[in-house]
Structures are given as structure tokens and as C-alpha cells.
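Thanks for coming, everyone. Let me put the structure up, and then I'll walk through it.

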Amino acid sequence: MNKSSSRRKKFNSASSSDDTQQEKLAHQDITPSQDPANATIDVAAVEVPELSEDEQRDRLHLERKVERAFFEAGKALAELRARKLYRSTHSTFEEYCKDRFGYNRSRSYQLIDAATVVDNLHKCPQFVDILPTAEGQVRPLTKLETEQQQEVWLTAVEKAGGKVPTGRIVKDAVQKIMERTQVPNSYQIGEVCQILVKDNPDLRGKGGCWGIVTFVGEFSCTVKTWDGEYTIGLQYLKSYDYLPAECQQMQQICDRITRVYSTELEESVQRFLESLGKLKRSYLSALEEKVLSLLEAEIKD
């Protein structure tokens with residue numbers, strides 16, 4: 001036998017030995033503990049230390065601060081408005097809120113109204129330890145009297161299982177009490193309101209427009225806009241809560257727009273006047289005043 005043949009036999013022998021070993025491993029029974037799909041992995045438990053009494057107290061204090069953020073903001077805005085602390089830099093409270101906080105008029109007054117409601121809930125004869133944590137939860141309560149606000153909130157908390165109720169639960173509770181008590185129409189002649197279209201096809205094209213209340217009915221109001229008068233249900237109106245002087249100012253703006261709009265002008269000019277009919281503030285900007293004055297002068301010539 002030559003050396004080459006000898007080496008070949010040794011190689012084959014080694015290969016045969018390896019194959020036999022692989023076959024033995026392949027035919028071995030795989031127990032559940034060896035099956036990767038059923039393998040158990042031991043993980044060392046990580047002990048989470050309990051909060052100390054001081055930490056628990058700090059957590060509760062910080063949670064309350066987060067929950068009361070909208071309330072504190074509303075209280076601060078109310079004081080800024082009442083004391084006119086914006087007067088050194090801005091001519092109106094609305095301009096100040098927009099420039100300083102990025103709040104439009106609607107948002108500023110929502111926070112102010114919400115803070116008032118929370119104050120009223122604090123005065124509830126029955127101790128209320130579950131208070132609103134967001135402005136949207138108390139928004140439906142703002143049109144109710146103090147006692148009704150308290151009653152509705154207690155009902156909503158009960159319906160929520162003793163937890164802070166959602167805005168939807170509060171709104172449903174408000175609807176039930178309004179149906180039961182027939183809350184009277186609280187709008188007044190001369191008040192400025194925004195028209196809400198919602199699901200009313202008769203108000204199509206009037207969404208976001210403002211109008212002056214000219215007649216107060218039991219369940220509706222007649223409001224005057226720049227292009228006529230409309231009788232609208234209370235659910236489709238939202239007060240801007242303007243001060244009396246602001247309402248008078250809006251009445252003057254409405255009369256001016258009406259006089260110009262009633263004339264035969266180009267469509268582009270009419271679109272400008274319609275945009276004034278959707279103002280979210282009680283005054284015209286300097287440029288709007290200039291353009292409207294120019295149009296008034298135009299129709300006089």
C-alpha cells in the first residue's frame with residue numbers, strides 16, 4: 001500500500017467517525033427543556049424600591065400641579081384682564097394673549113370660564129375630592145348656574161365610577177339637566193355670538209360668522225349679521241362674552257359692513273367683507289379699517 005492510499009483511508013475513517021457522531025446527535029430525543037421554543041430563560045429579578053413617604057408626598061403634589069395647570073392659567077388670565085396689566089404693551093386683552101401666550105380669544109376665555117367653574121365646585125356643600133383635570137371636562141358646565149354645575153359634576157363623577165369623568169360624560173349629564181329644568185335663554189339683546197353650523201344644513205355657509213342678538217326667544221335668538229337676520233336655535237350659538245363697550249363696537253362694525261355689502265361691488269370686495277363677518281375679535285386691524293373706510297368713501301362718490 002502506498003502512502004497516498006494510506007492517507008486516504010485515514011481521512012475516510014475520520015470522516016466516517018464524524019458522520020456517525022452527527023447521526024447520533026440528530027437522532028437524540030429533544031426534551032422540552034432542550035427545545036428552543038419551550039426553553040425557560042431565568043431572569044434575575046430587579047427589585048424596585050418603594051417610594052418613601054416624602055417621595056409619595058412629592059409625587060402627589062406634582063400630580064396636583066399638572067392637573068391644576070388649566071385652573072391656574074385661567075385664574076391668572078382673569079386677574080390680568082381684570083386689572084388690565086397688559087395695558088403698557090397692548091391695547092386689548094385679546095392682542096396681549098395672542099402675542100404673549102399664543103392663545104386666541106376663544107382659548108383665553110375658555111380657560112377663564114373653566115377656572116370659575118372649578119372655584120364653584122370647591123364651594124359645593126357636599127365635599128368634592130375629585131376635581132377636573134382638563135378644561136374640556138368643565139366646558140359644558142359654563143352655561144349653568146353654580147348649583148347646577150355642582151349637581152352635574154357629582155352626577156358625572158358617579159357615572160364615571162368614582163373617577164374623573166370625561167368631557168362626553170359631563171356633556172351628557174348637562175343635557176339631561178337642561179331637558180329636566182329647561183334652562184332659560186340667557187342671551188341678551190346686543191350680545192355678540194358666533195354661529196355654529198354643526199348638523200344644521202340651514203346654516204350652511206354661516207359657520208364661524210358672528211352676529212348681534214336682536215331678539216331673544218324661549219329656545220332661539222334672532223341675530224343680525226352683515227347680510228341679514230337669522231333666527232337660530234340656542235345650540236347653534238356661542239357667546240363671545242364681550243364687554244358692553246365691545247358689543248357696541250361690534251354693532252358699529254356690523255352696520256358699516258352691511259351698508260357697503262348691500263351695494264353692487266366686485267366679487268373680490270364682497271369676499272373681503274365676508275371675511276370681516278368672521279372676525280374672532282371685537283375690533284378691526286389698522287389695515288382692515290383702512291380698506292373698509294376706502295370702500296365706504298367709494299360708495300359715497
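I'll cover the pockets, the charged pairs, the aromatic rings, one helix and two loops.

A reminder before we start: this is a predicted model.

Pockets come up front. Rolling a probe the size of a water molecule over the atoms shows where empty space is left. The largest pocket holds about 1800 Å³. Its lining counts 46 residues. Nearest its centre you find Arg139, Pro140, Thr142, Lys143 and Leu237. Which elements give two or more residues to that lining? They are α5, α6, α7 (146-159), α8 (167-181) and β5 (237-239). By character, the lining of the largest pocket splits into 17 polar, 15 charged and 14 nonpolar residues.

Now the second largest pocket. Its volume is about 300 Å³. There are 15 lining residues, and those closest to the centre are Lys84, Tyr86, Phe93, Leu243 and Glu246. Elements giving two or more residues here are α3 (69-82), α4 (93-101) and α9. Helix α9 contributes the most, with three residues. The lining of this second pocket divides into seven nonpolar, four polar and four charged.

Since α9 came up, let's stay with that helix. Does its length fit what you'd expect, and what is the span between its ends? Helix α9 runs over residues 244-261, which is 18 residues. At 1.5 Å a residue, α9 should span 26 Å, and its end C-alpha atoms are 26 Å apart, so the two agree. As for burial, the buried residues of α9 are Glu246, Cys247, Met250, Ile253, Cys254, Arg256, Ile257, Val260 and Tyr261. Glu246 is also one of the residues closest to the centre of the second largest pocket.

Next, charged pairs. Side chains of opposite charge can pair when their charged atoms come close. The structure has 13 salt bridges. I'll show three.

Start with Glu79 and Arg83. Their side chains meet in a salt bridge, at 2.8 Å from N to O. Glu79 is at 41% relative accessibility, so it counts as partly exposed. Arg83 is partly exposed as well, at 48%.

Then Glu135 and Arg107. This salt bridge is also at 2.8 Å, N to O. The pair links distant parts of the chain: Glu135 sits in helix α6 (residues 135-138), Arg107 in helix α5 (residues 105-122), and they are 28 residues apart. Buried or exposed, what is Glu135? Buried, because its relative accessibility is 5% and the limit for buried is under 20%. Arg107 comes out as partly exposed, with a relative accessible area of 30%.

Third, Glu267 and Arg271. Here the N to O distance is 3.1 Å. Both belong to helix α10 (residues 267-276); they are four residues apart, so about one helical turn separates them. Glu267 is exposed, at 56%. Arg271 is partly exposed, at 37%. One more point on salt bridges: shared partners join Arg107, Glu135 and Arg139 into one network. Arg139 is the residue you met among those nearest the centre of the largest pocket.

On to the rings. A pair of aromatic rings is described by the distance of the centres and the angle of the planes. The count here is seven aromatic pairs. Take Tyr240 and Tyr242: the ring centres are 5.3 Å apart and the planes sit at 10°, so this pair is stacked. Tyr240 and Tyr242 are both buried. There is a cluster too, in which ring pairs link Tyr86, Phe93, Tyr96, Phe101, Tyr103 and Tyr109. Tyr86 and Phe93 should sound familiar: they are among the residues closest to the centre of the second largest pocket.

Last, two loops. Ile189 lies in the loop between α8 and β1 (192-195). With 65% relative accessibility, Ile189 counts as exposed. Where does it sit relative to Val223? The two are 34 residues apart in sequence, and their C-alpha atoms are 9.0 Å apart in space.

The other loop joins β3 (220-225) and β4 (228-233), and Asp227 is found there. Asp227 is partly exposed, at 32% relative accessibility. From Asp227 to Ser262 there are 35 residues in sequence, and 7.6 Å in space, C-alpha to C-alpha.

That's the tour. I'm happy to take questions.

Terms used: Residues are numbered from 1 along each chain as its sequence is written. This is a predicted model: local features need pLDDT of at least 70, side-chain atom pairs count only at pLDDT 80 or more; totals for chains, interfaces and linings use all residues. Side-chain values use heavy atoms; hydrogens and water are left out. The expected span of a helix is 1.5 Å times one less than its number of residues. Buried means under 20% relative accessible area, exposed over 50%, partly exposed in between (1.4 Å probe, protein chains only). A salt bridge is a side-chain nitrogen of Lys or Arg within 4 Å of a carboxyl oxygen of Asp or Glu. On a 1 Å grid over the protein atoms alone, a cavity is a set of points where a 1.4 Å probe fits but cannot get out, and a pocket is an open set with protein on both sides within 12 Å along at least five of seven lines; lining residues have an atom within 4 Å of a point. Grid points are joined across faces, edges and corners, and a volume is the space filled by probe spheres set on the points. Ala, Val, Leu, Ile, Met, Phe, Trp, Tyr, Cys and Pro count as nonpolar, Asp, Glu, Lys and Arg as charged, and the others, Gly among them, as polar. Rings of Phe, Tyr and Trp (its six-membered ring) pair if their centres lie within 6.5 Å; planes under 30 degrees apart count as stacked, over 60 as edge-to-face and the rest as tilted.
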